[in-house]
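Okay, thanks everyone for coming. I'll put the structure up and talk you through a few parts of it.

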Amino acid sequence: MKGFGFATHGGAEQLGSVDVPRPEPGPGDVAVRVAAASFNRLDRFVLAGIPGVPIELPHVLGSDGAGWVEAVGVGVNDLELGDRVLINPGLWDGTCPACIAGIECQCRQFRILGEHTQGSVTDRVVVPRRNVHPIPPGLSFEQAAAAPLVFQTAWRAIVTIGAVAPGETVAVIGAGGGVATAVIQVAKLRGARVVVASRTAGKLAAATALGADATLTFSEGRPLDRVLWEWSGKQGIDVIFDSVGAPTLPRSVRALARGGRAVVIGATAGPVVELDVRTLFWRQASVRGSTMATRAEFATMFEHLVAGRLRPVVDQVYHREDARAAFARLDAPDLFGKVVVRVSADA
Ligand SMILES: NC(=O)c1ccc[n+]([C@@H]2O[C@H](COP(=O)([O-])OP(=O)(O)OC[C@H]3O[C@@H](n4cnc5c(N)ncnc54)[C@H](OP(=O)(O)O)[C@@H]3O)[C@@H](O)[C@H]2O)c1
Ligand SMILES: [Zn+2]
């Protein structure tokens, strides 16, 4: 089976068509014929190689996908062949103490489709039944493939880990990433006042259209902590969603309110930061990490998606033959939302 990925870790020059075995569903599994898939920043990290994460080569990229049920394993009897489904890329064993406690994203064996397993930019993906969800009417395959990873991450980061309460202020650092476009919507749904801070003004109108109450630009001359502090009327920000990392997190922390929370889910621009802990103890603030979501959080997020209260943001859709160009789009300065690949011509 052909997929889009790489046989050797490295940069974009390694990307191309790879051959991997066509997977068959075991008991309790569902085989999905992929209609559309989408990229995440994670795919870049997987291509480069993540220390401590051994992967099988060649490797197919892509964590997100949507398509048709093509085959089911023994014990799956609540789906019809041809049903339109999207895939939750979070994989858990269901048996460890964290899973039994309902915190599947802290599973001892937690894995992500496309990172620890072969990915979604290919003809067929096999996952457990609990990882597929019927696509709500009105959502295209492209929109469905844009949703699962970023919306579950945003949900847990904002609702559970950030514990955002109605009326609180939420700052989103970086405007264009897929997760940012989901975080803006989830934070608004929770009744927060949302400010989006970007290096460039160009994407801010789109952030406003998604529901942001205010937008800011920052630069060396207009440091992030200062613009946020001023915007907050010198009270600080209650929850700051920072997935940029090294260049911004120390300044995000300085802009926190008393009792504020900086929520970290990634570090696109570098993982090692220097923090002034005096801000943390004096303001009784914290830095909290979050990854993916529990099964219950996914289900709640999904209800909002079905009801249309959360809307996947698709930056651009590419044909499968143009997957390399799609991948390159992840680094475009004007990227806003998710980069989607139409994997099947039938989609
Ligand atoms: N833990 C999890 O479960 C999880 C889930 C999803 C994603 N992640 C991680 O979260 C991060 C965000 O992913 P993403 O795909 O949404 O977005 P992304 O493409 O990694 O970038 C998000 C935004 O960060 C800003 N940015 C990038 N480099 C910057 C720099 N050097 N200085 C300042 N700002 C910079 C940009 O905003 P502006 O251009 O607007 O300034 C960009 O739009 C990634 O690191 C990803 O791996 C983790
Ligand atoms: Zn587990």
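I'll go through the domains, then the ligand shell, then one helix, and finish with a sheet.

First, a caveat: what you're looking at is a predicted model. The domain assignment splits the chain into domain 1, made of 2-147 plus 312-342, and domain 2, which is 152-289. Taken over C-alpha atoms, their centres are 28 Å apart. Where they touch, domain 1 puts in 11 residues and domain 2 puts in 13. On the domain 1 side of that contact, you get five nonpolar residues, three polar and three charged.

Now, where does ligand 1 lie relative to the two domains? Domain 1 and domain 2 both give residues to the shell around it, so ligand 1 lies between them. That shell has 28 residues, and the closest are Gly174, Gly176, Gly177, Ser198 and Gly266. As for secondary structure, the elements giving two or more residues are helix H1 (41-48), helix H4 (148-161) and helix H5 (178-189). H5 gives the most, with three residues. If you care about the chemistry of the shell, the split is 12 nonpolar, 13 polar and three charged.

Let's stay with H5, then. Its 12 residues reach 17 Å from the first C-alpha to the last, close to the 16 Å expected at 1.5 Å a residue. Is H5 mostly covered or mostly open? Mostly covered: 10 of its 12 residues are buried. That's the run you can pick out on screen as Gly178, Val179, Ala180, Thr181, Ala182, Val183, Ile184, Gln185, Val186 and Ala187. And what's doing the covering? H4 and helix H6 (204-209) are among the elements involved, and so are strands S11 (169-173), S12 (193-198), S14 (237-242) and S18 (338-342). After H5 comes Gly191, with a positive phi, near 85 degrees.

Last bit, the sheet. Three strands make an open sheet, ordered S2-S1-S4, with antiparallel pairing. S2 (16-19) and S4 (59-60) are the edge strands, and each has a single partner, so one side of each is left without a neighbour in the sheet. Strand S1, residues 2-6, pairs with S2 in the antiparallel sense over four bridges. If you want a pair to zoom in on, Gly3 has Val18 in S2 as its bridge partner.

So, the picture to take away is ligand 1 lying between the two domains, with H5 as the element that gives the most to its shell. That's me done, happy to take questions.

How values were computed. Residues numbered from 1 in each chain as written. Chains lettered and ligands numbered in written order. Predicted model: local features only at pLDDT ≥ 70, side-chain atom pairs only at ≥ 80, totals over all residues. Near = placed C-beta within 6 Å. Nonpolar A, V, L, I, M, F, W, Y, C, P; charged D, E, K, R; others polar. Domains from an automatic or database assignment. Pairing = 2+ DSSP bridges. Expected span 1.5 Å × (residues − 1). Buried ≥ 20, exposed ≤ 12 C-beta atoms within 10 Å, placed from the backbone. Contact = placed C-beta atoms within 7 Å.
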